[in-house]
Amino acid sequence: MVDMPGHYCGVVAMALTSDAVPSLKRALRVIQHRGQEGAGIAVYKDNKIQSLANVGLVHEVLSGQRYNEIEGNYGIGHVRYSTTGRSVAQNSQPIVVTSAIGDVAVGHNGDLVNSESTRERLQNIGWAFLTTTDSEIIIRLLVNELKEGVDPVKAIRNVMHQLNGAYSLVIMIKNRIFGVRDPLGFHPLSIGKLDKGYGLASESAVYDILQGQFVRDVEPGEIVEIFPEGYTSYPTNSKVNSAHCMFEWIYFARPDSVLDGREVYDVRKKLGMILAREHPVKADVVIPVPDSGRAHAIGYAAESGIPYEEGFMKNRYVERTFILPEQSLREEGVGLKLNPIKSTVAGKSIVVVDDSIVRGTTLRKIINLLRKAGAKEVHVRIGCPPVIAPCYYGVDMRTRDQFIATNRSIDEIAEYLTADSVKYTTIRDVEEAIGMPASKLCVACLNGEYPTNVPGEKCRKQPTLDSFEEDSQQ
Ligand code: 5GP
Ligand code: MG
C-alpha cells in the first residue's frame with residue numbers, strides 16, 4: 001500500500017504575546033474532524049523551532065512530558081487525514097527543516113497535482129527526499145529559495161509558481177508566520193483575532209471556540225503574514241477565478257464554520273430543502289444518516305413537512321468505515337456503527353437523507369438494516385450530485401471504478417442499494433445552495449472537468465492556474 005500524502009487535512013497558526021501551545025492544541029481539537037490519523041505542532045523559541053507530531057488524535061499526541069516542556073509564542077499546527085495507506089509517524093506534520101537563514105516549518109492541507117513530476121525533476125538534479133509527501137516538496141522548494149537578503153514573501157511566491165493543485169499552507173520561517181492559499185482557493189483558510197494576537201485556521205469555528213473573532217478568509221492566491229498586533233496581506237495581482245471545493249460545504253467542514261462567506265449548516269439545509277422541492281415523496285418520517293446527513297435531512301423535513309426523526313443510534317467510538325481497505329470490513333464497520341431505532345422505523349415509509357454517496361457501501365448497508373427493522377419503504381435523498389470522477393486536490397475519492405454512479409443509471413443505483421427510490425441534487429442545486437456559480441467552484445468530481453491541468457483529464461475552459469503563473473511572473 002502506498003502512503004497517500006496531503007489530502008484533506010487541517011491547519012492552524014498563531015502569533016501571540018504569550019505561549020501559543022495550549023491555544024494551538026485547542027484549535028487543532030476544533031478541527032479534529034479534518035484528520036484523525038496524526039497531529040502536530042511546531043513552535044518558535046530562542047531562535048529555534050521545536051516540534052511535536054505523531055500518529056493519533058490531537059489530545060493523545062499533544063500530551064505528556066514533551067508537550068509540557070515545549071513552548072513558544074509563535075507556532076503552527078496540523079491534523080492529518082490519511083487514506084488506507086499507512087499512517088507513518090515520519091509523515092506527520094508540521095515538517096521542520098533548517099535552512100540557510102534558520103529553521104522553517106510547514107503544514108499543508110490539499111493535494112498537489114504535479115508532485116510526482118516535481119519530485120522527479122528535482123531528483124534528476126540531485127535532490128533526495130525522505131518522504132513521499134507533497135509537503136516535503138513544498139518545504140524543500142521553499143528552503144531552496146530562502147537566502148540571506150531574500151524577502152520570504154518573494155520566496156513563497158516563487159514556490160507558488162512551481163505548484164499545481166490545492167494547497168492551504170501555514171509556514172513558519174523562524175518567528176515569521178505566513179498563511180498561503182493556492183490561486184484557486186480550493187480549500188479554506190481564514191484569519192482571526194485572538195485574545196493575545198492573531199491566528200490562521202482552516203475553519204472559522206476555531207475563532208468562536210477560542211473566544212476570538214473571525215476577521216476574513218484568506219483570498220485565493222494571497223499570502224498573509226500574521227503578527228501579535230495584526231496581519232499584512234500580499235494579494236496576487238492576477239485575475240484568476242476561484243475553484244472552491246464544493247465538498248467542503250457538503251461534507252467536510254463543520255456545520256458551524258463559515259467558508260468564503262457561506263455558513264456550512266445553511267448550505268446543507270438548503271440542499272435538503274431543494275431535494276424536498278424537486279423530489280417530493282409521500283412518507284411518514286425523514287431520518288438522517290448520522291452525522292453527515294443531519295443538516296440536509298433537517299432541510300428536507302422542514303420543506304416537506306414530514307416529521308424529522310432520529311432513525312439510528314450511532315456508536316461514536318467506531319473508527320471511520322470509509323477508509324477501511326476492504327468492502328467486507330467497511331460493511332461490517334457500518335453495521336457496528338449504526339443500529340436502527342425500532343419505533344421510528346417499523347412499519348414506516350422512510351426518507352433517508354445523506355450528504356453523499358461514493359461507493360454506496362454506507363447506504364446499501366443502512367437500507368438493509370432499515371428493512372430488517374421493519375421499514376415499509378425506503379426513499380433515498382442525497383445532498384451531493386453523483387460523484388463520477390476522481391479528486392486530485394485532496395478529497396479521498398481516487399479512482400473511477402470505486403464510484404457507484406460511474407456506469408450506472410439512477411434506477412440501477414436504486415436497485416444496487418435496494419432502495420424504493422434514489423434522488424440526487426444537481427450541480428445547479430449546488431450553485432443555488434452555496435450561492436456561487438459553478439465557475440467559481442471546483443465540481444470536477446461531479447463533471448470530470450478540472451480547474452487546473454491534470455494529465456489525462458479534461459481541463460475546464462476558463463482562467464486556470466497556468467494563467468496565474470503567467471500573470472504573476474510578469
Ligand atoms: P460510501 O459508503 O458511499 O462509500 O460513502 C459515503 C459516506 O461516506 C457518506 O455517509 C459520507 O458522509 C461519507 N464520506 C464521503 N466522503 C468521505 C471522505 O472523503 N472521507 C470519509 N471519511 N467519509 C466520507
Ligand atoms: Mg457519512
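**Exercise 1.** Find which residues lie nearest the centre of the largest cavity.

*Solution.* Start with the term: on a 1 Å grid over the protein atoms alone, a cavity is a set of points where a 1.4 Å probe fits but cannot get out, and lining residues have an atom within 4 Å of a point. Next, look at the lining of the largest cavity, which is made up of 15 residues. Those nearest its centre are C245, C391, V395, C442 and C445. Then turn to the elements: α8 (246-252) and α16 (444-447) give two or more residues to this lining. Here helices (H or I, at least four residues) and strands (E, at least two) are DSSP runs, numbered from the N terminus.

This is a predicted model: local features need pLDDT of at least 70, side-chain atom pairs count only at pLDDT 80 or more, and totals for chains, interfaces and linings use all residues. Residues are numbered from 1 along each chain as its sequence is written.

**Exercise 2.** Sort the lining of the largest cavity by class.

*Solution.* You should find 14 nonpolar residues, 1 polar and no charged.

**Exercise 3.** Work out how many cavities of 30 Å³ or more the structure holds, and describe the second largest.

*Solution.* The search finds 2. The largest has about 100 Å³ of space, and the second largest about 30 Å³; a volume is the space filled by probe spheres set on the points, which are joined across faces, edges and corners. Residues lining the second largest cavity include I138, L142 and I156. By element, α6 (152-160) gives the most, with 3 residues.

Note on methods: Chains are lettered from A and ligands numbered from 1 in the order in which they are written. Side-chain values use heavy atoms; hydrogens and water are left out. On a 1 Å grid over the protein atoms alone, a cavity is a set of points where a 1.4 Å probe fits but cannot get out, and a pocket is an open set with protein on both sides within 12 Å along at least five of seven lines; lining residues have an atom within 4 Å of a point. Ala, Val, Leu, Ile, Met, Phe, Trp, Tyr, Cys and Pro count as nonpolar, Asp, Glu, Lys and Arg as charged, and the others, Gly among them, as polar.
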